[in-house]
Amino acid sequence: MCGRHRRRGCRCINVSVERFMEPCLLLLLSRRSTYGYDLIQSLKEFGFADGETDPGTVYRYLRRMEEEGLVSSEWDTSGGGPARRLYTLTSEGEDLLHAWAESIKENKKRLEYFLQKYREQFPDD
């Protein structure tokens, strides 16, 4: 429910940001190869709050992206702990990251236009 409407089923605010996770993961991996746990922690930078980021969801994204050739992974057995998967962005993943950035730019324009028109209609809101 949004803060303004108390009725059940309000559709104006419950928009999932889960789909936004993919470009965030791609951007994080473009910086450096890293582990799933580190990616989960780094998603906070993009507004994914503690408890909002389900580790299972992140790992499902990583597995799917690996199947699609967007990331690669290998077991890292260095160090004293258990083996961990090290994820790396592929060239296909970098291409998709650029496509995501273009799409986000276009969507941002649409959203800004909507807000401009909204402010014109409701200047005191």
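Let me begin with helix α4, which covers residues 91-121 of this predicted model. Its 31 residues reach 45 Å from the first C-alpha to the last, close to the 45 Å expected at 1.5 Å a residue. Within α4, the residues Gly93, Leu97 and Trp100 are buried. The elements that cover the buried residues of this helix include α1, residues 21-31, and β3, residues 84-89.

That brings me to the nonpolar core. In soluble globular proteins, nonpolar side chains tend to be buried together. Here the largest such core has 20 residues, and Leu25 and Leu43 are the members that touch the most others. At least two residues of this core come from each of α1, α2 (36-42), α3 (55-67), β3 and α4. The largest share belongs to α1, which supplies six residues.

What does leucine 43 touch, if we leave out residues up to four places away in sequence? Its contacts are Met21, Cys24, Leu25, Leu28, Phe48, Thr53 and Val58.

I turn now to the aromatic rings. A search of the whole structure finds three aromatic pairs. One of them joins phenylalanine 20 and phenylalanine 48, with 6.3 Å centre to centre and 15° between the planes, and this pair is stacked. The two partners belong to distant parts of the chain, 28 residues apart: phenylalanine 20 lies in the segment before α1, and phenylalanine 48 in the loop between α2 and α3.

Are these two rings buried or exposed? Phenylalanine 48 has a relative accessible area of 3%, and is therefore buried, the limit being under 20%. Phenylalanine 20, at 34%, is partly exposed, because its value falls between that limit and the 50% above which a residue counts as exposed.

Another pair consists of tyrosine 118 and phenylalanine 122. Why is this pair called tilted? The ring centres are 5.2 Å apart and the planes stand at 40°; stacked requires under 30 degrees and edge-to-face over 60, so the pair falls in the remaining class. Tyrosine 118 is partly exposed, with a relative accessible area of 28%, and phenylalanine 122 is also partly exposed, with 42%. Ring pairs link both of these residues with Phe114 into a cluster.

I close with a charge and a ring. The charged end of arginine 84 sits over the ring of tyrosine 35, at 3.6 Å from the ring centre. Arginine 84 falls within the range given for β3, the strand I named among the elements covering the buried residues of α4.

Terms used:
Residues are numbered from 1 along each chain as its sequence is written. This is a predicted model: local features need pLDDT of at least 70, side-chain atom pairs count only at pLDDT 80 or more; totals for chains, interfaces and linings use all residues. Side-chain values use heavy atoms; hydrogens and water are left out. Helices (H or I, at least four residues) and strands (E, at least two) are DSSP runs, numbered from the N terminus. The expected span of a helix is 1.5 Å times one less than its number of residues. Buried means under 20% relative accessible area, exposed over 50%, partly exposed in between (1.4 Å probe, protein chains only). Contact means heavy atoms within 4.5 Å. A nonpolar core is a set of buried Ala, Val, Leu, Ile, Met, Phe, Trp, Tyr and Cys residues joined through side-chain atoms within 4.5 Å. Rings of Phe, Tyr and Trp (its six-membered ring) pair if their centres lie within 6.5 Å; planes under 30 degrees apart count as stacked, over 60 as edge-to-face and the rest as tilted. A charge sits over a ring if NZ of Lys or CZ of Arg is within 6 Å of the ring centre and within 35 degrees of the ring normal.
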